[in-house]
Amino acid sequence: MSAPPAVPFAVEIPDRIPKERYFDPGFYALEAEQLWPRVWQMACRLEEIPGPGDYAEYEILDHSVVVVRSEDGSVRAFENACRHRGVKVVQGHGTLRSGFTCPFHGWCYGLDGANTFISKKKSFAGHNVEAGDIDLVPVRCELWGGWAFINLDVGAPPLRQCIEPFASILDAWEVEALRTEWWYSFFLPVNWKLAQEAFLEQYHVIETHPELVIPGRFAPRDRAAFDPGTFIEGELRYLHVMSEGMGGMVHANDVALAEAQRDIVLSGDPTEAMATWHRSLNEAVVAWHRGRGSAMPDLNELEAQGINETMFYAFPHTFVLPMYSSATSYRFRPLGPEETLMEIWSLTRYPRGHEPPRPTPPVPMAHDAPGVPPIPTQDFSNLPRQQRGLHNTGFEYMRLSEQAEGGIANFERTIDGFLAGLGHDQLLGALRAVNVNPLERPVVDLGF
Ligand code: FES
Ligand SMILES: [Fe+2]
C-alpha cells in the first residue's frame, strides 16, 4: 500500500483556513484525485429521467457519467464512454428509443449497458471484442429523496450511511414528494469551496442582505413593548423578501396563506404570539396542500420533534433549504481552480398525478446577469472580490468565527480527511458531523 499523500495547505488550526486551498492548482489536482472520485454526488433529480430510456449526463471534472432509467423503472449509471474508441455515448439530457448507439461507428448498448451490436465485428481480433469486456462500465448509483447519486468508488459505504443525518431529517419532511418548479445555473468566477462557503454561515446576513434583518420579527428587549401588529407586518415582509428576493425560497403559495392570516389575534406576550403565528401558518400550509391531494408532512408535528431548521447540507456539494411546504436546493461543481457551476432548484409539492413535466436543464447565466434573483446577486457580488482578495501576498489565511463559521471549518477539515486518504470508516464520523444544518454550527471534533 502506498503512503497516504501529505495534504498541502492543510487546516492545522480549525478556525484558520489557508488561502491556497482556493486557487493552488496542486491542491485542486489533489481534490480531483482524492476527493471527488470517493464521494457520493447528487447526479440528477429523478424527474429529469421520468420514463424508460430517459437519461441525464452528470459531469464532474474529467468524468462524464450517464444516469439512465431502465425499462423496469430502475435507475442505473455508466461511465459515458463507448468501449470502442471512447466517444461519449450521450450528451446532455434526452431519451433513448432503443438503447445507446454510439454516434461514431454505431456500437450499440442496451439500457443495462450490455453491448448489443458491433458493426463488422469479424474485423476485430477476438481479444478486443470479448463478451463481458465490451459493455458500458457501470458506476455505483443509489437513489434517495428524489435524487440519483453516483459514486466512482466501489469501496465507499452505501449512500445512506454517507448522507446521515441529512437523509433522516429530510425524510421526515417528505422531501421525496417534491418536484422541480424551476432550475437555474450560474457560472461563478471563484473556487467551488469559496462559493459554497458563502452559504455555509449566516454571519454575513446583516451586512450583505440588510433587507432580511427586520426588527419587528424578534421579541424586543423590553417584552412589554412587544406589539403583535408590528410582529405580523415584519413576518409578512420577511416572507415576501424570502419569496421574491431568493427567487422563491418561501413558495408564493405559502406567502399567500400567511397573508390570509394577517388579521389573526395574537397575545401580547412575544413567545406566545410567535408560537401561535407559526403554529397557525403551519396548519394552514399543511391543510392547503393536503386539500389539493399533495403529500405533505404535519409541520407542527415536525416542530415538536425539533425538525424546524431551514438549511441542511450533504457533503460535498448538496444543500436543501426547506421552508414551510417547499424547498430550495443548491449544487456546486468545480469547473477549474477558480471557476464554479452553481445550480439552484426551486422544489415544491404538486397534487398526485399533476406533477409538472420533465424539467429542462438550464443554460448557465453569468454571476452578474440581470436574471439572477436579488439575494443571490448580493452573495455573488462579494465572491469574485473575495477570490481576488485572497491572492494578495499580505493575506495568508481566513480567520473564522469559531461559533458562527464553524460550518466552514468542519467542511474544510472533512476535505482534508479525504485528501489524506483516510479510510471510509474514519471519514464516516466526519460526514455525520457535517451533514447537518451548517448555520451557527461551532467547530466540532471530526474524529481525526
Ligand atoms: S467510438 Fe463508439 S463506435 Fe467507435
Ligand atoms: Fe447570503
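The following paragraphs lead through the strands, ring contacts, metal site and cysteines of this structure, which is a predicted model.

A suitable starting point is the iron ion. The iron ion (ligand 2) is held by NE2 of His204, NE2 of His209 and two OD atoms of Asp379, at 2.1 to 2.7 Å. How is the arrangement of the four donor atoms around the iron ion (ligand 2) classified? The angles that these donor atoms subtend run from 51 to 149°, which makes the arrangement irregular. Along the sequence, the donor residues follow the spacing H-x4-H-x169-D. Histidine 209 belongs to the loop between α5 (205–208) and α6 (228–245), while aspartate 379 belongs to helix α10 (residues 374–390); the pair therefore ties together parts that are 170 residues apart in sequence. Both of these residues can also be described by their accessibility. Histidine 209 has a relative accessibility of 3% and counts as buried. Aspartate 379, with a relative accessible area of 5%, is buried.

The strands come next. An open sheet is built from six strands in the order β13-β14-β15-β16-β12-β17, and its pairing is mixed. Strands β13 (312–314) and β17 (365–366) stand at the edges; each has a single partner strand, so one side of each is left without a neighbour in the sheet. At one of these edges, β13 is joined by three bridges to strand β14 (residues 318–323), and the two run antiparallel. Within this pairing, alanine 314 faces threonine 318 of β14. One general point helps in reading any such sheet. The side chains of a regular strand alternate between the two faces of the sheet.

Another open sheet has three strands, ordered β7-β8-β9 and paired in the antiparallel sense. Its edge strands are β7 (100–101) and β9 (115–117), each of which pairs on one side only. Strand β7 is connected to strand β8 (residues 108–109) by two bridges, and these strands are antiparallel. Threonine 101 has cysteine 108 in β8 as its bridge partner.

Strand β10 (residues 138–144) offers a further example of pairing. With strand β5 (residues 75–79), β10 pairs in the antiparallel sense over two bridges. Here phenylalanine 78 is placed opposite proline 138 of β10. Strand β10 is also joined to strand β11 (residues 147–151), with five bridges between antiparallel strands. In this second pairing, glutamate 142 has phenylalanine 149 of β11 as its bridge partner. Strands β10 and β11 form a hairpin with two residues between them, and glycine 145 in the turn has a positive phi of about 65°.

The same hairpin leads to the aromatic rings. The structure contains 22 aromatic pairs. In one of them, the ring centres of tryptophan 144 and phenylalanine 149 lie 6.5 Å apart with planes at 55°, so the pair is tilted. Tryptophan 144 is buried at a relative accessible area of 7%, and phenylalanine 149 is buried at 2%. Another pair is formed by tryptophan 192 and phenylalanine 411, whose ring centres are 5.7 Å apart; their planes stand at 90°, so this pair is edge-to-face. Because tryptophan 192 lies in helix α4 (residues 192–197) and phenylalanine 411 in helix α11 (residues 406–419), the pair ties together parts that are 219 residues apart in sequence. Tryptophan 192 and phenylalanine 411 are both buried. These two residues also belong to a cluster linked by ring pairs, whose members include Trp36, Phe199, Tyr313 and Phe418.

Rings may also face a charged group. Arginine 45 places its charged end over the ring of tryptophan 147, at 4.5 Å from the ring centre. The charged end of arginine 217 likewise lies over the ring of tyrosine 238, at 3.5 Å from the centre.

The cysteines complete the account. A disulfide is a covalent bond between the sulfur atoms of two cysteines. How many disulfides does the structure hold? The number is zero. For cysteine 44, the nearest cysteine sulfur is that of cysteine 141, at 7.2 Å, and cysteine 44 is in no disulfide. The cut-off for a disulfide is a separation within 2.5 Å. Is cysteine 44 buried or exposed? Cysteine 44 has a relative accessible area of 0% and is therefore buried. Cysteine 102, at 4% relative accessibility, also counts as buried.

Methods:
Residues are numbered from 1 along each chain as its sequence is written. Chains are lettered from A and ligands numbered from 1 in the order in which they are written. This is a predicted model: local features need pLDDT of at least 70, side-chain atom pairs count only at pLDDT 80 or more; totals for chains, interfaces and linings use all residues. Side-chain values use heavy atoms; hydrogens and water are left out. Buried means under 20% relative accessible area, exposed over 50%, partly exposed in between (1.4 Å probe, protein chains only). Two strands pair if DSSP finds at least two bridges between them. Helices (H or I, at least four residues) and strands (E, at least two) are DSSP runs, numbered from the N terminus. Rings of Phe, Tyr and Trp (its six-membered ring) pair if their centres lie within 6.5 Å; planes under 30 degrees apart count as stacked, over 60 as edge-to-face and the rest as tilted. A charge sits over a ring if NZ of Lys or CZ of Arg is within 6 Å of the ring centre and within 35 degrees of the ring normal. Donors are N, O and S atoms within 2.8 Å of the metal (3.2 Å for Na, K and Ca); water is not among the atoms, so sites may look incomplete. Four donors count as tetrahedral if all angles lie between 85 and 135 degrees; four count as square planar and six as octahedral if opposite donors are over 155 degrees apart and all others between 65 and 115; anything else is irregular.
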